[in-house]
Amino acid sequence: MNRKKSLAAFEKLLDVMDELRAKCPWDKKQTIQSLRYLTIEETYELSEAILENDMDEVKKELGDLMLHLVFYSKIASENQSFDISDVLEGITEKLIHRHPHIYGDVEVNSAEDVKNNWEKIKLTEGNKSVLSGVPASLPPLVKAYRIQEKARGVGFDWEEPHQVWDKVIEELNELKDEVDNNGPNERKENEFGDLLFALVNYARFIDVNPEDALEKTNKKFIRRFSHLEKAAKNEVRSLHKMSLMEMDKYWNEAKEKE
């Protein structure tokens, strides 16, 4: 990486942001609140590009997110809350403090040790709970994964994958019992939630990110269903007039193509 070139590029972005904020009607109108939903959208677009392994799009979406970070800092500087240097200095200090194995005399043997130390250090920084760093607004699947990671950071976790799998089977059986006994919806919902939580836990133990796994399955379903729709259109037929056996034929065609 060319450090001089990178610094010059970042300075140019800051200059452009200053000019847009001063002269562009749309940019002048924006607030931290008005940018929030746009930032969420950009984050999901970056996630999409990463899942597709499209590095050109990753580069583009990183640029969009970088703009937002600079934009927020610019707005905050106008009312003397903070500026971009405060943001950068803050994260730098945090990284140094939370990596005592690099900037101090702490010894670690693995990446897992680093993660565990990170969570312990956060508690010394004034966090009241291990789970306080999990945003309430996270999507449930991501939130479950982060909750479990943070609990693991202080030693609250299963020891072996087979223990977690046993828990998955236990929760599956409890859900089945509720369904078989025609239990109330609230009980079925509770048991279904417990099963999902256990599956997320198991995913961690086999090094699978459940959010990524589910999204890839979503994409796979969309590809196969789109093939089914295209096949029906080529035959000038409506899906709702096709039998399940007929639809399965084209579904299996799509599977074979993959």
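In this predicted model, Glu 78 forms a salt bridge with Arg 21, and the closest N and O atoms of the two side chains are 2.8 Å apart. The pair links distant parts of the chain, since Glu 78 belongs to helix α4 (residues 55–78) while Arg 21 belongs to helix α1 (residues 3–23), with their positions 57 residues apart in numbering. The two partners fall into separate accessibility classes: Glu 78 is partly exposed, with a relative accessible area of 38%, whereas Arg 21, with a relative accessible area of 12%, is buried, because the limit for that class is under 20%.

A search of the whole structure finds 16 salt bridges, and the table lists some of them by their closest N and O atoms.

| Salt bridge | Closest N and O atoms |
|---|---|
| Glu 78 and Arg 21 | 2.8 Å |
| Glu 170 and Lys 167 | 3.2 Å |
| Arg 237 and Glu 235 | 3.7 Å |

Glu 170 and Lys 167 both lie in helix α9 (residues 161–180), where they are 3 residues apart, about one turn of the helix. Glu 170 is partly exposed at a relative accessible area of 37%, and Lys 167, at 26% relative accessibility, also counts as partly exposed.

For the bridge between Arg 237 and Glu 235, Arg 237 counts as partly exposed at 31% relative accessibility, and Glu 235 is likewise partly exposed, with a relative accessible area of 37%. Elsewhere, salt bridges that share partners join Glu 112, Arg 152, Asp 157 and Arg 204 into one network.

Note on methods:
Residues numbered from 1 in each chain as written. Predicted model: local features only at pLDDT ≥ 70, side-chain atom pairs only at ≥ 80, totals over all residues. Heavy atoms only, no water. Salt bridge = Lys/Arg side-chain N within 4 Å of Asp/Glu carboxyl O. Helix = DSSP H or I, 4+ residues; strand = E, 2+ residues; numbered from the N terminus. Buried < 20%, exposed > 50% of the residue type's maximum accessible area, 1.4 Å probe, protein only.
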